[in-house]
Amino acid sequence: MKLILAGYGKMGRETEAAAVKRDHVITARIDPAVKDADASSLTHAAAAKADAVIEFALPEGILDRVRSYAEWKLPAVIATTGWQQHLPEVEAIVRESGIGLVYGANFSVGANIFFDLVRRATRIANLFPEYDVLGYELHHKRKKDSPSGTALSTANIILDESATKTRLVTDRLNAAIRDGELHFTSVRGGYIPGIHTVLFDSETDTVELTHNVRSRSGLALGAVMAAEWIWKRTGCYKFDDFMREKLSGV
């Protein structure tokens, strides 16, 4: 495939490396803030030479960019975050134009496999009330948000599937947890890219599921795979839809 990268920072460069490994060609690198990008904005001429665009950019201007992708019939992977308040407008633009678009908060294939395992394990644990479920996540000392977005996604999966957990607690506890509370704690320090763990614990043993991030390349790979998937499709999809199709029958 011929791909455009919208955003050529750290994630744009990781995406380029992942795309080249899968024998794709980068036809344009777009970024107004990076000197070695090919251009500061996307043009119709550049779009006409590509099969799809992968975007790791800032949320500002998302609607204008999606309108351009739609006008130029360019399938898009939107790995940019922080724009979900505009989702209804994006869906309308995609629907009216007939292009294909994939968006998501986490394009890591490994993280999404982890989500699916947590979902299945929670359903199984419902059959065995002896097991309590809890979770924790660890990140580097410079991470500003707590809990992480991945932790919240994991916790929401548990709350959706659990027969006993109905409320998420992420604060420090100075008392025993109450019935129905799911405790998911956060630790910050060092240089850890990201570790998320869910425990199913009983008096006799513990079942532990962990996703341990080693680099950003997993996000880049997922975005490239999403571009391969959305090419020649129409409609607006979550990355979850791609993963669900991949995991169907498993």
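Axes here are lines fitted to C-alpha atoms, for helices over the stretch in contact, and angles run from 0 to 180 degrees between N-to-C directions. With that in hand, here are close-up views of a predicted model.

**View 1. Helix α1 crosses helix α7.** The axes of α1 (residues 10-21) and α7 (residues 217-230) cross at roughly 60° and come within 8 Å of each other. Because angles from 65 to 115 degrees count as roughly perpendicular and those under 35 as roughly parallel, this crossing makes α1 oblique to α7. The crossing of α1 past α7 is right-handed. On the α1 side, look for Met 11, Glu 14, Thr 15, Ala 18 and Ala 19; their counterparts in α7 are Ser 217, Leu 219, Ala 220, Leu 221 and Val 224. Sorted by class, this contact of α1 with α7 holds 7 nonpolar, 2 polar and 1 charged residues.

**View 2. An open sheet of 6 strands.** Following the sheet across, you meet the strands in the order β2-β1-β3-β4-β5-β11, with parallel pairing. At the edges are β2 (25-30) and β11 (235-238), each of which pairs on one side only. On average, neighbouring strands of this sheet are turned by 20° against each other, direction ignored. Helix α1 lies across β1 (2-6), β2 and β3, and runs at about 170° to β1.

**View 3. Strands β3 and β4 side by side.** Here is one pairing from within the sheet: β3 (residues 52-55) and β4 (residues 76-78) pair in the parallel sense over 3 bridges. For a handy starting point, find Val 53, whose bridge partner in β4 is Ala 76. As you look along a strand, remember that in a regular strand the side chains alternate between the two faces of the sheet.

**View 4. The β9-β10 hairpin.** Strands β9 and β10 form a hairpin, with 4 residues between them. The pairing of β9 (residues 195-201) with β10 (residues 206-212) is antiparallel and covers 7 bridges. Ile 195 stands opposite Asn 212 in β10.

**View 5. Helices α3 and α4 together.** The axes of α3 (residues 62-71) and α4 (residues 87-97) come within 9 Å and cross at roughly 10°. That angle makes α3 roughly parallel to α4. From α3, the contact is made by Leu 63, Val 66, Arg 67 and Ala 70, while α4 brings Glu 89, Val 90, Ile 93 and Ser 97. By class, the contact of α3 with α4 comprises 5 nonpolar, 1 polar and 2 charged residues.

Note on methods. Residues are numbered from 1 along each chain as its sequence is written. This is a predicted model: local features need pLDDT of at least 70, side-chain atom pairs count only at pLDDT 80 or more; totals for chains, interfaces and linings use all residues. Side-chain values use heavy atoms; hydrogens and water are left out. Helices (H or I, at least four residues) and strands (E, at least two) are DSSP runs, numbered from the N terminus. Angles under 35 degrees count as roughly parallel, over 145 as roughly antiparallel, 65 to 115 as roughly perpendicular and the rest as oblique. A crossing is left-handed if the near helix is turned anticlockwise from the far one by less than a right angle, and right-handed if clockwise. Contact means heavy atoms within 4.5 Å. Ala, Val, Leu, Ile, Met, Phe, Trp, Tyr, Cys and Pro count as nonpolar, Asp, Glu, Lys and Arg as charged, and the others, Gly among them, as polar. Two strands pair if DSSP finds at least two bridges between them.
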